[in-house]
Amino acid sequence: MTTKKIVLRDDEMPTQWYNVGPDIPNGLLPPLDPETKQPMGPEKLGAIFPMSLLEQEMSQERFIDIPEEVLDVLKIWRPSPMVRARALEKALGTKSKIYFKNEGVSPVGSHKPNSAVPQAYYNAKEGIKRLATETGAGQWGSALSFATQKFGLDCKVYMVKISFDQKPYRKSMMHTFGASIVASPSVDTNIGRQIREQYPDTAGSLGIAISEAIEDAASRDDTNYALGSVLNHVVLHQSIIGLEAKKQMAIAGDYPDVIVGCCGGGSNFAGLACPYVPDYLEGKKIRFVGVEPASCPSLTGGTLAYDFGDVAQTTPLLNMYTLGHDFIPPGIHAGGLRYHGMSPIVSAMVREKIVDPVKVHQLECFEAGVLFARTEGIIPAPETCHAIRGAIIEATREPEKPQTILFNFSGHGLIDMASYDKYFSGDLHDYEYPQEAIAASMAKLPKI
Ligand SMILES: *Cc1c(COP(=O)(O)O)cnc(C)c1O
């Protein structure tokens, strides 16, 4: 019998998350307080985050228990299937094996609920009544809308204006789960009103929406803020992907030579990759490939530095690969990959040369996504098309040296069909690497 789909039973689901922090050679640099430039303790961040998540953010424990209540909700769709992409392999004519971990089976169609659920749980447990957040393409907003209603919290989503106008079904999904949504910049916050006055025609950006959500959370006692990527606790929650994958690979009797994921803030890639890092450090030969868009190339075109996570300069300074906190990337369709920074964990793994970053263009990604849809039968999200393109490059690089490739299928694209329509009608273009815009933005990095 040939292996196609490898599934785990509910009781084989991991009951602890893996924290890669203590295992990263030379460690992670701490977040800094932008005023004092000193490491930022949990006291100040306690205004917008619950203590249990701040403890996870700074934890030196390698394994952390997943609460029973969180496991119960994750079991709605987890463990997620692993699939051998035999039809794709055949279409490529490659001797390499391609496996993917399908995170598209979640209630909102991506990996994002893996962190939204524990974030909502810990906030509810600490007495918070309402969460404020931002969303770009709408994936994170949908995930948090779903998770908050599971734990009886209200949810306010600041949605980047261009997506608000272009992605009506993401809005419908968030409404269905009970959240309230405004287009960002909105009139509900000071920073939103300021930016609308200054730039009346702005399409918004993730950096602006983050500033609005943080202001909302900081100004109300009953409200906290939730971030869907970048931070260490998000990467921790996503490690469930790689922990399951290791069990599934063992069932398949295989081991990956190459692990591939697309990188926006870095959480889905790190979630698959990190549980393999201890094996790598013990001498296993694994190549970790992080794929980013050429139009927003934090890892391949940015600098490793301390920078803000948002435009209004309200976040702590994070040590990460960045294009500058006010860099606004060209309007590619992979909204989830349009962020100026990169998670400190993925950044440190690039610094230590554990992860190889590569950049790819939009059109080659859609081409890969269409091939995947026609062979494997699942239509990928535009973000996920980047991972597929990365896996195809690896599978076809050296025909005489077949490899075992494992990539993260971060989400399906059933609510992104307008992007596919544009691709088929020839209205999508590759954007040149915006070197001048990046240089201008980099000049404004905070001085440490
Ligand atoms: C949000 C998103 C991404 C990018 O975010 P990461 O934090 O880099 O994982 C990738 N794929 C999908 C489907 C997404 O929704």
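Begin by selecting Lys-112, where an unreviewed UniProt entry places the feature "modified residue: N6-(pyridoxal phosphate)lysine"; UniProt positions follow the numbering used here, feature names are shortened, and annotations may be inferred rather than shown by experiment. The model is a predicted one, in which local features need pLDDT of at least 70 and side-chain atom pairs count only at pLDDT 80 or more, while totals for chains, interfaces and linings use all residues. Residues are numbered from 1 along each chain as its sequence is written, and side-chain values use heavy atoms, with hydrogens and water left out.

**Around Lys-112**

Lys-112 sits in the loop between β5 (97–102) and α5 (113–125); helices (H or I, at least four residues) and strands (E, at least two) are DSSP runs, numbered from the N terminus. The residue has a relative accessible area of 15% and is therefore buried (buried means under 20% relative accessible area, exposed over 50%, partly exposed in between; 1.4 Å probe, protein chains only). Next, display Gln-139, Trp-140, Ala-143, Gly-228 and Gln-238, with which Lys-112 is in contact when its neighbours within four places in sequence are left aside; contact means heavy atoms within 4.5 Å.

**The parallel sheet**

Now select the open sheet of 4 strands, which has the order β8-β7-β6-β9 and parallel pairing; two strands pair if DSSP finds at least two bridges between them. At its edges lie β8 (180–184) and β9 (223–225), each paired on one side only. From one strand to the next, the twist averages 25°; axes are lines fitted to C-alpha atoms, for helices over the stretch in contact, and angles run from 0 to 180 degrees between N-to-C directions.

Zoom in on β7 (residues 154–160), which is joined to the parallel β8 by 5 bridges. Met-159 has Ala-183 in β8 as its bridge partner.

**Helices on the sheet**

Add helix α8 (residues 168–176), which lies across β6 (130–135), β7 and β8 and runs at about 170° to β7. Then add helix α10 (residues 206–218), which packs on the sheet and touches β6, β7, β8 and β9. The direction of α10 makes about 170° with that of β6.

**The whole chain**

Finally, zoom out to the chain, whose secondary structure comes to 19 helices and 15 strands. Its radius of gyration is 20 Å, close to the 22 Å that the globule rule gives for 448 residues, so the chain is as compact as a globular protein of that length; the radius is taken over C-alpha atoms, and the rule is 2.2 Å times the number of residues to the power 0.38. Of the 448 residues, 61% are buried.
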